[in-house]
Amino acid sequence: MTQTQRILVTGATGTVGRQVVAELLDRGHEVRALTRDAAKASFPAGVEVVEGDLTEPDGLATALEGVTGLHLITFGGAAFSPLETGPRLLELARSAGVRRVTVLHGGGPTPLEDAVRADDGVDWTVLMPVEFMANALEWADGIVAAGEVREPFVDRLSAMVHEGDIGAVAAVALTQEGHGGQEYVITGPEVLTVGDKVKTIATAVGREITLIELTEEQAVAQWQAAGLAEDVIGFLLMAYGDTPEVGRTVSGSVEKVTGRPARTFTQWAAEHADAFRGQS
């Protein structure tokens, strides 16, 4: 057992942030969750909720009081723009006595992550997850309405990761020694095709699901109709059409850091089966 510590989690309402909060609580630590609008936030009992904005770091001095660990995201504000406030955030963190910092990689170089990597006053760890299992929730409406999934590049491979395992790696790095100066590529325990994922969801919900392969042109039209920006569509075509090796290779980081195997997509699908039944 590690000594109880107080950790400040930014991006606490996000897919990963919520998991960091949950994992820290499960491990017996005190959690302070930062949000821009506390009235709209909902957290488990025992979480201290504080308001603040990473684009205005000087307003975070109180939130950092008594904190030993800090989880950071690289984008902030209402527009989710890349944060330029890293140096000041880290200065305030060091002054408050923060010893460990984790930063969730934003998919490429960002000013905040660069600032974290350059800081020798804290033990920093960069978390680099591959595709989230939670991305499969995008299929829920089509499965509920028509029993189908419509996707391009259905043979693409992914070592997708359970978002809870990202939170687990973060929780360990924030509260235990030995992770300073590390970057962890975080994956699941297996490599799956789109067809594998669809079959797994079908088993979890107990119904047949048809996988319809789209052409690239059909996929672009579908994404445009869904309101995706052109740069996002370009990224998806690259990531799905020619998945980088890092995204389709099991890393083993979850077991290395947490001491237990990474959770499978079968586990994830069982946990979220109601969403694919229209009961969420």
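**Local contacts and helix packing**

Apart from neighbours within four places in sequence, P44 makes contact with V21 and L25. The coordinates belong to a predicted model. P44 is placed in the loop that joins strand 2 (30-35) to strand 3 (48-51). V21 is separated from P44 by 23 residues in sequence, and the C-alpha to C-alpha distance between the two is 8.7 Å. The relative accessibility of P44 is 42%, so the residue is classed as partly exposed, given that this class lies between the 20% limit for buried residues and the 50% limit for exposed ones.

A second loop residue, T74, is found between strand 4 (69-72) and strand 5 (75-76). The relative accessibility of T74 is 2%, and T74 is therefore counted as buried. With neighbours within four places in sequence set aside, the contacts of T74 are S81, P82, L83, V103, L104, G106, T110, L112 and E113. Of these partners, V103 and L104 fall within strand 7 (100-104), while L112 and E113 fall within helix 4 (residues 111-118).

Helix 3 (residues 86-96) packs on helix 4 (residues 111-118) with an axis separation of 8 Å and an angle of about 45 degrees. Helix 3 is therefore oblique to helix 4, because an angle of that value falls outside the ranges for roughly parallel (under 35 degrees), roughly perpendicular (65 to 115) and roughly antiparallel (over 145) pairs. The two helices, 3 and 4, cross with right-handed sense. On the helix 3 side the contact involves G86, P87, L89 and L90, and on the helix 4 side L112, A115 and V116. By class, six residues of this contact between helix 3 and helix 4 are nonpolar, one is polar and none is charged. L112 of helix 4 is also one of the residues in contact with T74.

Within helix 3, the residues classed as buried are G86, L89, L90, L92 and A93. Their arc around the axis is only 160 degrees, so they lie on the same side of helix 3. An α-helix has 3.6 residues a turn, and residues three or four places apart therefore point the same way. The elements against which the buried residues of helix 3 pack are helix 2 (61-64), strand 4, strand 7 (100-104) and helix 4. P87 and S95 are exposed on the face of helix 3 turned away from the buried side. P87 nevertheless takes part in the contact with helix 4. Immediately after helix 3, G97 has a positive phi of about 95 degrees.

In helix 8 (residues 216-225), A219, V220 and W223 are buried. Viewed down the axis of helix 8, these buried residues are confined to an arc of 100 degrees, and so they line one face of the helix. Their cover includes strand 9 (148-152), strand 11 (210-214) and helix 9 (230-241). On the other side of helix 8, the exposed residues are E217 and A225. Helix 8 is followed by G227, and the phi of G227 is positive, near 90 degrees.

For the pair formed by helix 8 and helix 9, the axes come within 10 Å and the crossing angle is roughly 145 degrees. The crossing of helix 8 and helix 9 is right-handed. Helix 8 contributes E216, V220, W223 and Q224 to the contact, and helix 9 contributes E230, I233, L236, L237 and Y240. The residues in contact between helix 8 and helix 9 comprise six nonpolar, one polar and two charged. Two of the helix 8 residues in this contact, V220 and W223, are among those classed as buried.

Two further residues were examined individually. F153 is located in the loop between strand 9 and helix 6 (163-175). F153 is not a glycine, yet its phi is positive, near 50 degrees. With a relative accessible area of 23%, F153 is partly exposed. E271 belongs to helix 11 (residues 265-271). The relative accessible area of E271 is 47%, which makes E271 partly exposed. Along the chain, E271 and A204 are 67 residues apart, and their C-alpha atoms are separated by 8.8 Å.

Note on methods: Residues are numbered from 1 along each chain as its sequence is written. This is a predicted model: local features need pLDDT of at least 70, side-chain atom pairs count only at pLDDT 80 or more; totals for chains, interfaces and linings use all residues. Side-chain values use heavy atoms; hydrogens and water are left out. Axes are lines fitted to C-alpha atoms, for helices over the stretch in contact, and angles run from 0 to 180 degrees between N-to-C directions. A crossing is left-handed if the near helix is turned anticlockwise from the far one by less than a right angle, and right-handed if clockwise. Contact means heavy atoms within 4.5 Å. Ala, Val, Leu, Ile, Met, Phe, Trp, Tyr, Cys and Pro count as nonpolar, Asp, Glu, Lys and Arg as charged, and the others, Gly among them, as polar. Buried means under 20% relative accessible area, exposed over 50%, partly exposed in between (1.4 Å probe, protein chains only). The arc is that of the directions from the helix axis to the C-beta atoms.
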